[in-house]
Amino acid sequence: MKKILGTSLLLFGMAAFGQAKEDSIQFSKISLEVLNNGKGYKDLRELTKNIGHRLSGSEAYEKSVQWAAQKLRDAGADKVWLQDVMIPVWVRGKESLHIKTSNGSWKSLKMLSLGNSEGTGGKDISGEIIMVKSMDDYNKLTPEQVKDKILFFNYAFKQSFIETFKGYGDASKYRTTAASLTAKKGGKYAIIRSLSSAFDDVPHTGAMRYEENVSKIPAVAIGSTTADELETLLKNKKITAKLNSNCGMKGEKLSHSVIGEITGKKDQSVIVVGGHLDSWDVGEGAHDDGAGIVQSIEVLRTFKKLGIQNNHTIRVVCFANEENGVKGGIQYGKTVKENNEKHLFAIESDAGGFAPRGIALDMDDAKRKQIQSWSKLFLPYGVYNFEEKFSGTDLYPLHDMGVPAAELMPDSQRYFDIHHTEEDTFDKVNRRELLLGAVAMTHIIYMIDKNW
């Protein structure tokens with residue numbers, strides 16, 4: 001009996017070793033194809049330089065829809081289609097922020113209105129600035145102190161977090177809530193310190209929201225050095241600010257997410273890989289999220305080019321409207337539910353095109369452990385972290401339906417220097433780092449398709 005058991009264990013071990021070797025060879029083939037022949041960097045240049053930033057509802061976004069559909073066809077998709085999505089339309093328009101100097105003249109400050117903010121209707125709105133550096137500071141202010149003033153939320157991005165997304169999450173509450181917090185106490189508008197890991201004068205936009213039954217007043221962001229200079233000025237005297245902006249919501253319109261897939265050879269269960277096609281209306285949307293779009297298309301192209309016979313349907317989704325509404329992700333989830341489609345797994349790349357360091361896994365422990373057991377295959381490609389538990393914003397509707405979800409984790413140290421700014425341009429993307437991200441995504445899709 002012991003002899004039979006020993007023989008069985010030996011055979012099992014040999015089979016496992018052989019399987020690991022086969023997977024390692026396939027990983028190498030994928031890497032060689034993407035690094036030598038990958039189209040992602042060239043595609044990203046086209047998207048950013050020929051189309052540029054792509055705010056939902058804009059003419060540029062509609063051009064990117066047609067561009068993405070053609071790229072999926074070129075990559076070898078068996079089927080490409082547009083999914084209808086009703087999206088909010090927000091426009092920025094002309095805007096300016098000034099502070100009054102000691103000699104009575106007005107000094108212009110670099111600024112950006114926050115996404116979805118209402119403006120001033122093209123009129124100047126002036127008032128004295130009151131600074132708070134934390135929520136505790138805000139809570140100490142009375143409505144009488146704030147009435148007809150401008151609240152300046154000067155909360156700095158914490159440099160102590162090694163994982164910069166934690167710093168972003170820590171500071172983001174000031175961006176999303178500043179306008180309503182100010183309005184609740186009678187202020188005219190809010191100024192926030194940008195959610196930036198950099199020490200520069202570049203303002204960062206990003207979505208904010210209004211609470212129900214609270215006045216919709218403007219909210220704008222300024223860069224880190226401007227925030228520091230303003231803090232110094234406020235220590236010595238009263239400062240008056242003047243805002244003029246034409247931004248605001250312009251209703252809704254019909255737009256589209258772009259979807260392409262290669263049909264499964266065994267069944268029609270779906271594996272999703274994607275990013276969001278829209279961007280903010282500054283910069284070129286290169287890292288956020290042109291990188292995720294071209295990496296996802298590269299996954300499909302690589303499967304087709306190498307002739308990998310996928311068991312399940314591999315579907316690329318270029319989501320609409322992630323930045324200021326997540327309507328594309330919501331609509332995709334709704335359609336999946338209505339059609340009763342079985343989804344095995346979904347991964348999004350929406351953290352920049354820097355070198356991949358890991359894959360976050362938002363799923364039950366058994367599936368997490370199975371994926372973690374494959375980690376040695378990823379190590380030669382610099383991908384080692386499978387411990388985090390979150391997934392892409394567009395995938396939340398799928399995750400809520402029980403679909404195992406994930407997100408590519410690139411090196412994050414430089415991401416929040418340029419996130420949501422005019423600095424998010426093609427020249428900030430390194431070809432090898434971008435393509436290595438596509439390699440990691442193709443690797444994980446290959447393993448899921450083969451083993452689930």
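Two strands are counted as paired if DSSP finds at least two bridges between them, and strands themselves are DSSP runs (E, at least two residues; helices are H or I, at least four), numbered from the N terminus. The model is predicted, with local features needing pLDDT of at least 70 and side-chain atom pairs counting only at pLDDT 80 or more, while totals for chains, interfaces and linings use all residues. Residues are numbered from 1 along each chain as its sequence is written, and side-chain values use heavy atoms, with hydrogens and water left out.

**Exercise 1.** Determine which strands pair with β6, and how the chain leaves β6 for β7.

*Solution.* Begin with strand β5 (residues 125-132), which runs parallel to β6 and is joined to it by four bridges; within this pairing, M131 has F152 as its bridge partner. Next take strand β7 (residues 189-193), which is likewise parallel to β6 and joined to it by four bridges, with L151 standing opposite A190. Between β6 and β7 the chain passes through helix α6 (residues 164-184), and this β-α-β crossover is right-handed (with the strands pointing away from the viewer, the path from the first strand over the helix to the second runs clockwise).

**Exercise 2.** Establish whether L151 is buried or exposed, and what surrounds it.

*Solution.* First locate L151 in strand β6 (residues 150-153). Its relative accessible area is 0%, so L151 is buried (under 20%; exposed is over 50%, partly exposed in between, with a 1.4 Å probe and protein chains only). Then list its contacts (heavy atoms within 4.5 Å): beyond neighbours within four places in sequence, they include I130, V132, Y138, T182 and I191. Finally, consider both faces of β6, where I150 and F152 on one side and L151 and F153 on the other are all buried.
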